[in-house]
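This report walks through one protein chain for a reader who has not seen it before. The sequence and the structure come first, and the description follows.

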Amino acid sequence: MSRSATTRPATSPTRPEDERLPLGATFGYGFQHVLTMYGGIIAPPLIVGSAAGLTPAEIGTLVAASLFMGGLATVLQTWGIKFFGSQLPLVQGVSFAGVSTMVAIVGGGGGIRAVLGAVLVASAIGFLITPFFAQIIRFFPPVVTGVVITTIGLTLMPVAANWAMGGNADAPDYGSVGNIGLAFLTFAIVILLSKVGSGTVSRLSILIAIVAGTLIALALGKADFAGVGEGPIFAFPAPFAFGTPTFEVAAIVSMLIVILVTLTETTADIIAVGEIVGTKVDRKRIANGLRADMASSVVSPVFGSFTQSAFAQNVGLVAITGIKSRFVVSAGGAILVVLGLLPILGRVVAAVPTPVLGGAGVVLFGSVAASGIRTLAKVDYSNSMNLVIVAASISFGMVPIAKPDFYDQFPTWFGTIFHSGISSAALMAILLNILFNHIKAGTPENPSVFVKGTASKAVDDDQLEDLADDGVLNRSNERRDGASTS
């Protein structure tokens, strides 16, 4: 959706984000924000719900709760009240940062109630430390956040693979050619739609591919929507629908690490969208935004949802469309609230065949890892130990993914924390960053042998052109062609 030349603000705002558009345009652009982040907001409850062994109806409740709380959190963040909300065009939703940790908590036997309890307590602690977070954010530079985000994407790939195979290892068709073929077809649709000339279609490629893949599965008899009509069409999310949360220390510690990462991500998004909008962002505004983040995350478990965070893809949408009004995003939040009041919609989402989700998940989770790699590209690797930090941290995070039973002989609390690849990588990255970049004593002047040995070996375009001009490449090609014909 492009901005019409006839659109005019109804008032003369003092800040770009305070611009008010006509009602129709406001909700139209707001709906575009919803479509952009819809695939991302429904994926976490699907993953966690599946890992917890919930029924499709219960997963539908998780989805509805996530939409409902994401909408309320978005309205709070954009509209703002005293001490809460950055009043910037930021869409809120369930953070991907906690998915692998929540799956680990479920796998440790805690179940969904332990997940909700960990989210509630960790978010409350996060809320209390928001005034001091500006003092510790220096311990979360790109070398740390890049490692964490990359690991999030990588640790979710087994989930996508399991979905592509059918999701249920006990099913007779698990890993069948039909299931994997359906997943690959969905994946191919995502790639093809990403290639089309329309920017809108490209941005909605994952959502459209899920719909198309589901219709194909329905035609092949591999989709069942019989249970969609069971239950109410409209309902307010019931508090503690999954029972009273339980509180396990190891699960809370593990989730607290996720909260620190979430606070870092939201801070970065607030600063980024402030630059895009062209408005002033000071420490007070960041603190207000973080308080809104954590307050929403504290309330989320009450209604059956998880940690809330700003969605980076919607920050990109603000840049692409040039629509800077926070009230547009508030309208998107209102739409999310309405969608969350329709549990039938959650049941429709829960009925989507898992191979279809697997095909889309490969791209969706891969894009998370790619975002982390992009962050790591900003890191200075010259004459520093940052490469060692990245190498050791990502490797440490991959251990429980490559070998899930690696910590089975350790105490339960230890396994709960380190069975999560994200927790393992985050702890290692934070500790090594402090050791090498903040504690100067003992740090060598010359870089590690690992840094020396992995210097860039790439040949840039200018060098290639020079080689071609000198005839070096041509002679090399002639020798290669001659050898291949002999």
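Which residues does Tyr407 touch, not counting residues up to four places away in sequence? The model is a predicted one, and in it Tyr407 touches Phe396, Pro400, Phe414, Gly415, Phe418 and His419. Tyr407 sits in the loop between helix 15 (386-402) and helix 16 (412-418). Its relative accessibility is 8%, so Tyr407 counts as buried. His419 comes 12 residues away from Tyr407 along the chain, and the C-alpha atoms of the two are separated by 6.8 Å.

**The chain as a whole**

The protein chain has 486 residues, and buried residues make up 49% of them. Its secondary structure comes to 20 helices and 2 strands. Among contacts with a separation of 6 or more, 81% are between residues 24 or more positions apart. The chain exposes about 21800 Å², and carbon and sulfur atoms supply 66% of that area.

**A buried loop residue**

Thr307 is placed in the loop between helix 10 (283-299) and strand 2 (308-310). Is Thr307 buried or exposed? Thr307 has a relative accessible area of 0% and is therefore buried. Leaving aside neighbours within four places in sequence, the residues in contact with Thr307 are Gly93, Val94, Ser95, Val119, Ser123, Met255, Ile259 and Ser297.

**Helix 6 and helix 8**

Helix 6 covers residues 177-195, and its axis comes within 9 Å of the axis of helix 8. The two axes cross at roughly 145°, and the crossing is right-handed. On the helix 6 side, the contact is made by Leu182, Leu185, Thr186, Ile189, Val190, Leu193 and Ser194. Helix 8 contributes Ser205, Ile206, Ile208, Ala209, Ala212, Gly213, Ile216 and Ala217.

A surface patch also involves helix 8. Val211, which is placed in this helix (residues 205-219), forms a nonpolar patch on the surface with Leu215 and Leu218. Together the three residues have about 280 Å² of accessible area. Val211 itself has a relative accessible area of 45%, so it is partly exposed.

**Salt bridges**

How many salt bridges does a search of the whole structure find? The search finds 6. The table gives three of them.

| Side chains | N to O distance |
|---|---|
| Arg15 and Glu17 | 3.4 Å |
| Lys222 and Asp173 | 4.0 Å |
| Lys403 and Asp405 | 3.9 Å |

Lys403 and Asp405 meet in a salt bridge. Lys403 has a relative accessible area of 46% and is partly exposed, and Asp405 at 39% relative accessibility also counts as partly exposed. Elsewhere, salt bridges that share partners join Arg15, Glu17, Asp18, Arg285 and Arg326 into one network. Within this network, Arg15 and Glu17 pair with each other. Glu17 is buried, with a relative accessible area of 0%, whereas Arg15 is partly exposed at 23%.

The side chains of Lys222 and Asp173 also meet in a salt bridge. This pair links distant parts of the chain, with the two positions 49 residues apart. Lys222 is in the loop between helix 8 and helix 9, while Asp173 is in the loop between helix 5 (142-165) and helix 6. Lys222 counts as partly exposed at 30% relative accessibility, and Asp173 counts as partly exposed at 35%.

**Two residues with positive phi**

Most residues other than glycine have a negative phi. Gln87 has a phi near 55°, a positive value in a residue other than glycine. Gln87 lies in the loop between helix 2 (56-79) and strand 1 (92-94). At 23% relative accessibility, Gln87 counts as partly exposed.

Where is Phe240 found? Phe240 is in the loop between helix 8 and helix 9 (249-277). The phi of Phe240 is near 50°, again a positive value in a residue other than glycine. Phe240 counts as partly exposed, because its relative accessibility is 40% and partly exposed residues lie between the cut-offs of 20% and 50%.

How values were computed. Residues numbered from 1 in each chain as written. Predicted model: local features only at pLDDT ≥ 70, side-chain atom pairs only at ≥ 80, totals over all residues. Heavy atoms only, no water. Helix = DSSP H or I, 4+ residues; strand = E, 2+ residues; numbered from the N terminus. Buried < 20%, exposed > 50% of the residue type's maximum accessible area, 1.4 Å probe, protein only. Contact = heavy atoms within 4.5 Å. Patch = residues over 30% accessible without salt bridge, like charges linked within 9 Å, V, L, I, M, F, W, Y side chains within 5 Å. Areas by Shrake-Rupley, 256 points an atom, 1.4 Å probe, with all protein chains shown as cover. Axes fitted to C-alpha atoms, helices over the stretch in contact; angles between N-to-C directions. Left-handed = near helix turned anticlockwise from the far one by under 90°.
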